[in-house]
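I opened my notebook to go through this one piece by piece. Here is what I looked up, in the order I got to it.

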Amino acid sequence: MTDLFASLPSNPDEEPILCELAPEPLPAWAALSGPSEAEMIERAIKGRIAITLAIASWLPALGVIVIGPLIVYYHTHLLLLSLDTWFVPLAVLLALALVFAIVAFFRTPKYYQAGQRGTALACLSIAGVLLSVAVGVMAVCAWKMPAILLSKTDAGREQLHRQAANQGDPDLTAAQNMDLRKNRERENAAAAKLAKRTTEVTTAQAARKEAREKEETLEKIRRATAADRQRAAREAEVQQQALREEEIKRNDKPGNYRQALRLRLTQGVDSTPLPEYAGPTGEQNNNYSLDWKKLNFHPSLRPTPSAATESLVDGRTLREGFEVRRLRLAGEDFVPQAVVYYGSLWLLQTNGTLLQIRLTDLQTEYEYPLKTRCHNFNLLLQPGGGQQLQVCADDSVIRLALSRTGERLQVDASHQRVVAPRQVTLTDDDELEVGTGGEEPLIATWKGNLLTSIREQDRARSRAPGGAFAESQYGRSFTIDREGCFYVSRPEGICRGQLPAVLLPDVNFKPNPSWPNYSTQREHKSLQTATVSLDGLNIISAVRRWPVADVHWQTVVPAEGIDSGKFAQLSGNRLATCSDQHNLLIYDAAGPQISAQNFPDAGKTLGLASLSPLEMVVVFTEKRIFVVAPDHSLAQAPPKTEHYPTVDLRMHPYSDGPPLQFKSGTGRQFGDESYKVTQLPKGSQAIWGERANRLYVLDADGIIYRVNTDTWSVSNSLPLGEKWSEKPYHIDQIRWTQAGLVASMPRLHLLAVLDPDTLKIRRTFEFHAWQEPWATHPRSPWIFQSIPTRGYRFDLIDLRDGAIVTTINADKLKPKQRDGYRKSVAFGPRQESLLIGIWQRAYALRLNPADSAQSKTSWEQIELPEREFKESPQVGFAVHDETDRVLMFGGTQLVSCDLKSLEVKELLKIPYDAQIRFARDSKSMIIGKYQKEYDLDGSTPRSIDKAKDLAEYSADGTKFISGEAVYERK
């Protein structure tokens, strides 16, 4: 190594001096061990040089291979120069150059291998030559032409294109070049034609676009101009219309008259002067809407129980056959009108407080504070059968509709804005008429929420035939009997009106001559309630109207000596009025005076009101209010203390009656026994009397019949409600008691006791069946009923004389039950005990009979084991007199209780709300929904025949009632 580099210059600027040295002989160990280190370095240098050359020859080829096709594509598609003939040769040259370069790369010796370098250099030389040829061709065909073309202008490039096309391809023949030129010429011509067409299309599109834009601009201008013209025309038309309307309004007398009436009705007299009358057209209001607004009873306005716990009666006298009860109320504080609604007496104070008073003892139950000054009110019967209280306040008409939800009384109130209303009535078309007061009173008519007409009252009444009615008669109800006769107050006195026979609804009605007193007892033949229309032209009921011109009038009591404007009908044949000298005058319907009474310290009579359908009249005087009723057997002496107050309900039965149709049905076989079937009238109910052949039937028209089942003939009948009447005494249930037959009348809250032989009404008691439970027993003269008071009171009443046998206050029962919404009552075995259910608890009370006439029956609670029927809000009872066992049930629970041993046993589960009863032999029980009979321990079920086992049997057991059929054993 020292000898090899010894000739290298020490100065960098000097050239090295190369000299050849004689090779030294290698030692023996070197020949055996391979080449020397210098040879290895030399070989490595040469190998690197060869590799570098190989790489240098490969990179241009790779670049040409990548760039070449791009250049060809560029020229063939953009410059329209055909190089198709050179593409394949160039590809072959580049491929061969690549092959030789690869061979040279692999033939280059490495630094540790010995060999010749000639092969690698030859391959590299060949690859270089081939690559040079390819690069040259590409330079000539692809590089030079773009450079020339890009250096020229557009005109120069087109000239070069033409020259290239004319020169042709040197590789082609002349004919081929000619064809090529022709093809190129055609292509150029087509391209020029296309370019021309494109230019023409573009020019045309631009022209059309410009024309369209110009047209759009002109159209916008035209539209703007037209809109301005239309706007101006509309403004002119509006101005002309306003002028025309103003002209029409000045000349439209009906419209002006109608508008003035409407403002007068809703805003008062000072709102606008009333123009000249414009005829009937001006009275029609064109369905102008005035909606009734909801009157919400806020907590301060809700009905509140009265704080008074005593009766309003502070005096009672018997005068000339009439009972007079004086109330602790001043008549001047009340509107002189009274009605019977939901079984109560309703009075209205002028300060707006509506009082609901119990009829039996005249004690205030609830107060309805309307908080507005009131002038009148009336009870209106709607065509659909409902009733509403209409109250006339200072500036509105208030409508009160009561309804029952469960056991609670709900109030639905609404009001309509009207200035100074005074009378309200309802037509057969369900139109509400309201009459106003003041110097120029009006009559307004509503159909639903639509105000259909407004009329001047004086002008409307001037057309009434035969003169007007008394002012107090308008809007006040009266009764038309079946013969079409009624009594009203007119200026000439108290008059009887008679409808023509052809106008009566039942012109073919043929009374049975065997019915006694049919032509005189008009109170039995109530037809319907009617009123006089506010214009005085018609008599209106809930179902039809009669023109006043068709009514025949007869003056019964002349106006001389009486105040005919204060009139009330006491009963069917008694008329009540007053005078300056007497507070009350009572006349017979034929005309003679019956009674003339003055009430001490009463003052002047302000008004009278009839409590139809009851035979009562309320007299309003300046200092007091009096309730007058005809004297009857119960009113001959003052009632004893601890007696239930009674109400006179004078109705007389027929010894015969209207025909009752009984039809023979298909016979039935029960086991070995055959039964004859008789069908009762549809919708009727029947019970057995004390005798086996006596049946009491209540038909759908509210008539009670006593029927002899031996001959199936009617012995007596009591028509408390008739086919063509409102059924004022509508009966919903009849029961048999030891005191006689009882009939419940829920509308009046009354219970009537009837003589079982004649069906005469013995007496009438207050009744709460519509909201409270009650119980009777065929072997007991008592009735046990719940009283709707805040303390949950239960009264045991003797139906024979109205005496209160005993009173149970729920507060004294243990354990106490706070919620008494659902209650139930029943008589215990042999009527020796009472059963009470309050919500989910059951109580049993033992009765201790009175020791003497002066003592009173007492009671003591039977301590039953603690139990609650949690699955039901009400407890039911099943009792049999021959055993001390009582079945109590509620929800799905059924319990057997022995009132002597106080043993309580849980029986089987029953269907929810199933009704339980003892079988006739008292040794088993019947579950209605299962229609099966069980032993008293709840085992051994047996199927029953619903028609026979759930029936009501007669006293001898040979007949029974099932549904609307009577089965009689043959």
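**Entry 1: a patch on the outside.** I'm working with a predicted model, and I began at the surface. I found a nonpolar patch there made of F87, V88, V92 and L96. Together these residues have about 340 Å² of accessible area. I picked V88 for a closer look, and it sits in helix α3, which covers residues 84-107. Is V88 buried or exposed? V88 has a relative accessible area of 53%, so I put it down as exposed, since the cut-off for that is over 50%.

**Entry 2: the whole chain.** Next I stepped back for the overall numbers. I noted ten helices and 61 strands. The chain has 970 residues, and 45% of them count as buried. About 50100 Å² of the chain is exposed, with carbon and sulfur atoms supplying 52% of that. I also looked up contacts between residues at least 6 apart in sequence: 52% of these join residues at least 24 apart.

**Entry 3: into the cores.** Which residues touch the most other members of the largest nonpolar core? I got two names, L347 and I704, in a core of 38 residues. I followed I704 further. Not counting residues up to four places away in sequence, I704 touches a list that includes V697, L698, L718, I731, I734 and L741. N716 and S717 are on that list of I704 contacts too. Apart from this core lies another one of 19 residues, and C374, A393, I398 and A413 are among them.

**Entry 4: the cysteines.** C374 got me wondering about disulfides. How many does a search of the whole structure find? The search gives zero. Why does C374 have no such bond? The closest cysteine sulfur belongs to C392 and is 8.7 Å from the sulfur of C374, so the two are too far apart for a bond. I checked burial as well: C374 has a relative accessible area of 2%, so it counts as buried. C578 is also buried, with a relative accessible area of 2%.

**Entry 5: a threonine in a loop.** Last stop was T350. Where is T350? I found it in the loop between β7 (344-349) and β8 (353-358). T350 is buried because its relative accessible area is 18%, and the cut-off is under 20%. Leaving aside neighbours within four places in sequence, T350 is in contact with E332, D333, F334 and V335, and also with T372, R373 and C374. That brought me back to C374, the buried cysteine from my previous entry.

Notes
Residues are numbered from 1 along each chain as its sequence is written. This is a predicted model: local features need pLDDT of at least 70, side-chain atom pairs count only at pLDDT 80 or more; totals for chains, interfaces and linings use all residues. Side-chain values use heavy atoms; hydrogens and water are left out. Helices (H or I, at least four residues) and strands (E, at least two) are DSSP runs, numbered from the N terminus. Buried means under 20% relative accessible area, exposed over 50%, partly exposed in between (1.4 Å probe, protein chains only). Contact means heavy atoms within 4.5 Å. Accessible areas come from the Shrake-Rupley method with a 1.4 Å probe; for residues, only the protein chains shown count as cover. Patches are made of residues with over 30% relative accessible area and no salt bridge: like charges are joined within 9 Å, nonpolar side chains (Val, Leu, Ile, Met, Phe, Trp, Tyr) within 5 Å. A salt bridge is a side-chain nitrogen of Lys or Arg within 4 Å of a carboxyl oxygen of Asp or Glu. A nonpolar core is a set of buried Ala, Val, Leu, Ile, Met, Phe, Trp, Tyr and Cys residues joined through side-chain atoms within 4.5 Å. A disulfide is a pair of cysteine sulfur atoms within 2.5 Å.
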